[in-house]
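This report examines selected residues and their side-chain interactions in a single protein chain. The sequence and the model are shown first.

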Amino acid sequence: MAAPGENLRIDGDRLWDSLMEMAKIGPGVAGGNNRQTLTDADAEGRALFQSWCEAAGCTMGLDTMGNMFARREGTDPDALPVYVGSHLDTQPTGGKYDGVLGVLGALEVIRSLNDMDIRTKHPIVVTNWTNEEGTRFAPAMLASGVFAGVHAQDWAYDRVDAEGKRFEDELNRIGWKGEEEVGARKMHAFFELHIEQGPILEAEGKDIGVVTHGQGLSWTQVTITGKESHTGSTPMPMRRNAGLGMARVLDLVDEIAVAHGPHAVGAAGHIEVFPNSRNVIPGKAVFTVDLRSPDLAVIEEMVSQMKAGAQKICDEMQLSVEFENVGGFDPVEFDAGCVTAIRNAADRLGYSHTNIISGAGHDACWINQVAPTAMVMCPCVDGLSHNEAEEISKDWATAGAEVLFHAVLETAEIVE
């Protein structure tokens with residue numbers, strides 16, 4: 001297939017303006033966004049995205065998980081589409097670019113093709129996956145997981161948020177539950193553009209990350225139970241402090257991750273202590289241990305060591321402990337052909353690049369199980385993400401979208 005000419009470029013100003021316009025929906029309190037999945041803000045963001053897609057001549061499909069598919073027709077009605085996209089939902093204190101760059105960068109591919117009057121053999125479909133973040137309804141990448149057959153749809157529908165609201169009920173409430181069977185679509189390939197969410201590209205002065213692998217992860221919810229008692233009148237030897245038990249387990253998690261370096265990582269992001277009162281020793285602590293590595297055997301070993309170590313700590317402190325696997329996926333090796341298309345695009349456009357392992361989970365990790373898939377990454381300032389201070393430059397966004405543009409064009413095949 002013919003490679004796109006290096007003179008083919010996207011409109012970086014238009015992409016940036018679209019990012020800033022979307023960021024007005026579900027604003028955070030510190031310059032970022034709070035556009036959590038299946039909220040009114042999510043519905044408003046979806047509506048804006050649909051209006052842009054239809055203005056670009058696309059037809060919109062919607063499946064029963066709320067996944068959105070904006071299609072630009074190809075010249076061959078029998079050719080499978082090239083899918084490209086990410087997600088519009090954010091963390092409660094999220095940035096303006098995580099996920100959104102991948103969706104609007106994909107839309108910019110369509111807009112640029114229209115500007116240049118370029119046709120492709122394969123249709124191109126811009127995708128917004130529902131509930132990638134997994135903050136309101138765990139686990140992360142929920143709808144792409146259902147699409148890939150990893151999760152059952154009925155199970156996904158029954159996920160509840162902190163207020164006990166069901167996923168399906170909220171999807172219906174905001175009006176974005178489609179009729180199309182989830183997972184019925186077949187793909188020629190899938191590409192996802194994303195900010196790195198880590199410091200490597202910026203530190204090495206690289207324009208583009210060519211994502212070859214994705215880290216696997218395991219989420220284990222740990223519940224430690226002790227005894228609530230007065231902080232002032234309970235003698236130290238008689239305390240059964242669940243909070244202290246948690247602290248010792250988290251210290252162990254850190255030790256385990258360091259010992260399995262350099263690519264292994266571990267921490268707990270979700271932590272709850274009960275009753276969470278100033279003068280009551282915690283009687284219960286619930287937290288989720290997040291362990292990641294590009295090597296499945298390493299993940300399994302770290303989880304095993306964490307459970308054994310936590311059990312020992314709690315036994316010695318007269319605490320009870322329970323473990324529940326609440327999410328995870330195996331490490332990912334992305335499709336060699338799609339990865340090569342991204343690398344070729346960066347070379348053709350003159351952008352510096354390096355191979356990179358994604359430390360975060362993405363919809364592409366699930367879609368990789370059902371279609372050839374790869375990811376493009378651009379730097380973000382100080383590697384900061386899942387934070388309202390998340391920041392990228394217009395040049396970084398443009399470079400990432402141009403590499404995406406060329407990789408998609410090469411795969412979708414320009415019709416001369």
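## A buried aspartate in helix 11

Asp363 lies in helix 11, which covers residues 363-367. In this predicted model, Asp363 is buried and takes part in no salt bridge. Arg46 provides the nearest side chain of opposite charge, at 10 Å. The side chain of Asp363 does, however, make a polar contact of 2.7 Å with that of Ser144.

Residues up to four places away in sequence aside, Asp363 touches Ser86, His87, Trp129, Glu132, Met141, Ser144 and Glu192. One of these, His87, belongs to the annotated set described next.

## The annotated binding site

An unreviewed UniProt entry assigns the feature "binding site" to His87, Asp98 and His194. These residues span 108 residues in sequence, but no two of their C-alpha atoms are more than 9.8 Å apart, so they gather at one spot. From this set, Asp98 is part of the lining of the largest cavity.

How do the two histidines relate to Asp98? The side chain of His87 makes a polar contact of 3.4 Å with the side chain of Asp98, and the side chain of His194 makes one of 2.9 Å with the side chain of Asp98.

## Surroundings of the two histidines

His87 is located in the loop between strand 3 (82-86) and helix 3 (100-116). Because its relative accessibility is 0%, His87 counts as buried. With neighbours within four places in sequence left aside, the contacts of His87 include Asp98, Gly99, Val100 and Val103. Asn128, Trp129, Glu132 and Glu133 are also in contact with His87, as are His194 and Asp363.

His194 is placed in strand 6, residues 189-195. A relative accessible area of 0% makes His194 buried. Beyond residues up to four places away in sequence, His194 touches Ser86, His87, Asp98 and Gly99. His362, Met375, Val376, Met377 and Cys378 are also touched by His194.

## Glu413 and a long-range approach

Glu413 occupies the loop between helix 12 (394-412) and strand 17 (414-415). With a relative accessible area of 22%, Glu413 is partly exposed. The C-alpha atoms of Glu413 and Lys121 are separated by 5.5 Å, although the two residues are 292 residues apart along the chain. The side chain of Glu413 also makes a polar contact of 3.4 Å with the side chain of His122.

## Salt bridges

The whole structure contains 20 salt bridges. In one of them, the side chains of Arg14 and Glu108 meet at 2.8 Å, N to O. This pair links distant parts of the chain, with Arg14 in helix 1 (residues 12-22) and Glu108 in helix 3, 94 residues apart. Arg14 is partly exposed, with a relative accessible area of 21%, whereas Glu108 counts as buried at 0% relative accessibility.

Glu168 and Lys177 form a salt bridge through their side chains at 2.7 Å, N to O. Here Glu168 counts as buried at 17% relative accessibility, while Lys177 counts as partly exposed at 29%. A salt bridge of 2.7 Å, N to O, also joins the side chains of Arg292 and Asp290, and both of these residues are buried. In addition, a network of salt bridges links Asp40, Arg136, Asp161, Glu170 and Arg173.

Technical notes: Residues are numbered from 1 along each chain as its sequence is written. This is a predicted model: local features need pLDDT of at least 70, side-chain atom pairs count only at pLDDT 80 or more; totals for chains, interfaces and linings use all residues. Side-chain values use heavy atoms; hydrogens and water are left out. UniProt positions are given in the numbering used here, feature names are shortened, and annotations may be inferred rather than shown by experiment. On a 1 Å grid over the protein atoms alone, a cavity is a set of points where a 1.4 Å probe fits but cannot get out, and a pocket is an open set with protein on both sides within 12 Å along at least five of seven lines; lining residues have an atom within 4 Å of a point. Helices (H or I, at least four residues) and strands (E, at least two) are DSSP runs, numbered from the N terminus. Buried means under 20% relative accessible area, exposed over 50%, partly exposed in between (1.4 Å probe, protein chains only). Contact means heavy atoms within 4.5 Å. A polar contact is a pair of N or O atoms within 3.5 Å; within protein, one must be able to donate a hydrogen and the other to accept it, and residues adjacent in sequence count only if both atoms are side-chain atoms. Lys and Arg count as positive and Asp and Glu as negative; His and the chain ends are not counted. A salt bridge is a side-chain nitrogen of Lys or Arg within 4 Å of a carboxyl oxygen of Asp or Glu.
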